[in-house]
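Trainee: Could we go through this model together, one question at a time?
Mentor: Gladly; let's open it up.

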Amino acid sequence: MSWKDYLRDVEPYVAGEQPKMANLIKLNTNENPYGPSPKVEAALKMLRSEKLRLYPDADASGLKKALADLHHLKPEQIFIGNGSDEVLALSFLTFFNSEKPLLFPDITYSFYPVYTRLFDIPYKSIPLNDRFEIVLEDYKQENGGIIFPNPNAPTGILVSVDFIEELLQANPNSMVIIDEAYIDFGGESCVPLLEHYDNLLIIQTFSKSRSLAGLRIGVAYGNRDAIKALQNVKNSFNSYPVDYIAQHLATASVLDHEDMLYKAKKVITAREYTIKELRQLGFEVLESKTNFVFARHPQLEAEKLLADLRAAGIIVRHFNQPRIDQFLRISIGTITQMEELIKFLKEY
């Protein structure tokens, strides 16, 4: 026997490509085309390098207070992590320890099955319906927890707060995690439901609507007991809080919420333009409430279109999995970038 025989064999999550090519229209990783708040820029200039010799605030108290004020919560209801993927991983470790299966859609964020295999969590993937929608009745079965993004990814389809409330009522003994990575692009957050349901955890990110993907800031909102349990697992796993620079800049972003809303509206305008133009070109486009669209054309092979777009300097994303292998996921850039995409497709 060799040490290699004892390796943990997992199929890892594959992130979107970050190509090094010049003059790209990069529409493959759902980054916000508009920069962060001017208050973030100002805060960056105010950073004090001598503070880097010190460990950062382990509780991220300034950032938690800003978020608590924004969402009418208590700081004890907020968990801060190094990116929402870390928050998700720690949440899987904390809340999904039943012998019953964790439920999530068959077409969803591809990190979920990675975590279940890594942490040896039993799970059941629930098929979306023919319109790629999550069906509420499918989640009224015995389970050890429920998780899905809202809006879902990569479909972009949103469910209502009423849908989530009925889901919570049907599963009072299960933790329900709603991954709101894209909620600011046309959805309504279910944060107000925290007042009434202690089995709800909401995860958000600063990478999309706040244009801070380079900082890696993730947040969870829940009841005090759930957040304390999450913090205990985190501190048993590693002792690394969000760093001083990230806390400082993320707080500046939260304190300029209007800037985020303004830029999200610009993304929404470009998204609606893109959906309209794609449909006029014969594409089937799912009803997105995110900063991307999910589209296929009945006469075009997705992988060939992907390659031809790339040759023209336009990068989008393809998921080679059943049911969606003819779709492309197209991030929403500036209106000028989306016009360039449509121009290429009209000439294609």
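What follows is a conversation about one buried residue, the cores, two helices and a strand.

Trainee: Before we start, what kind of model is this, and which cut-offs apply?
Mentor: Residues are numbered from 1 along each chain as its sequence is written, and side-chain values use heavy atoms, with hydrogens and water left out. Totals for chains, interfaces and linings use all residues, while local features need pLDDT of at least 70 and side-chain atom pairs count only at pLDDT 80 or more, as this is a predicted model.

Trainee: Is N32 buried or exposed?
Mentor: N32 sits in the loop between strand 1 (25-26) and helix 1 (38-45). Helices (H or I, at least four residues) and strands (E, at least two) are DSSP runs, numbered from the N terminus. Buried means under 20% relative accessible area, exposed over 50%, and partly exposed in between, with a 1.4 Å probe and protein chains only. The relative accessible area of N32 is 12%, so N32 is buried.

Trainee: Which backbone nitrogen does the side chain of N32 reach?
Mentor: A polar contact is a pair of N or O atoms within 3.5 Å; within protein, one must be able to donate a hydrogen and the other to accept it, and residues adjacent in sequence count only if both atoms are side-chain atoms. One polar atom of the N32 side chain lies 3.1 Å from the backbone oxygen of K208. As for the nitrogen, the side chain reaches, at 3.0 Å, that of Y34.

Trainee: Which residues of the largest nonpolar core touch the most other members?
Mentor: A nonpolar core is a set of buried Ala, Val, Leu, Ile, Met, Phe, Trp, Tyr and Cys residues joined through side-chain atoms within 4.5 Å. The largest one has 53 residues. Apart from it lies another core, of 31 residues, including A302 and M338. In the largest core, the members that touch the most others are L63, L67, L200, F206, I217 and Y221.

Trainee: Why do the buried residues of helix 6 line one face, and within what arc do they fall?
Mentor: A226, I227, L230 and K234 are the buried residues of helix 6, whereas D225, K228 and S236 on the other side are exposed. An α-helix has 3.6 residues a turn, so residues three or four places apart point the same way. Taking the directions from the helix axis to the C-beta atoms, the buried residues line one face because they fall within an arc of 95°.

Trainee: Which residue caps the N-terminal end of helix 6?
Mentor: Look for a side-chain oxygen 2.9 Å from the backbone nitrogen of D225. That oxygen belongs to N223.

Trainee: How far does helix 8 (residues 257-280) reach from its first C-alpha to its last?
Mentor: The expected span of a helix is 1.5 Å times one less than its number of residues. For the 24 residues of helix 8 this comes to 34 Å. The model is close to that, at 35 Å.

Trainee: How many residues of strand 10 (residues 292-296) are buried, and which residue stands opposite V293?
Mentor: Four of the five residues are buried, so strand 10 is largely enclosed by the rest of the structure. Two strands pair if DSSP finds at least two bridges between them. Strand 10 has two bridges to strand 9 (residues 284-285) and four to strand 13 (residues 328-331), both antiparallel. In strand 13, the residue opposite V293 is I330.
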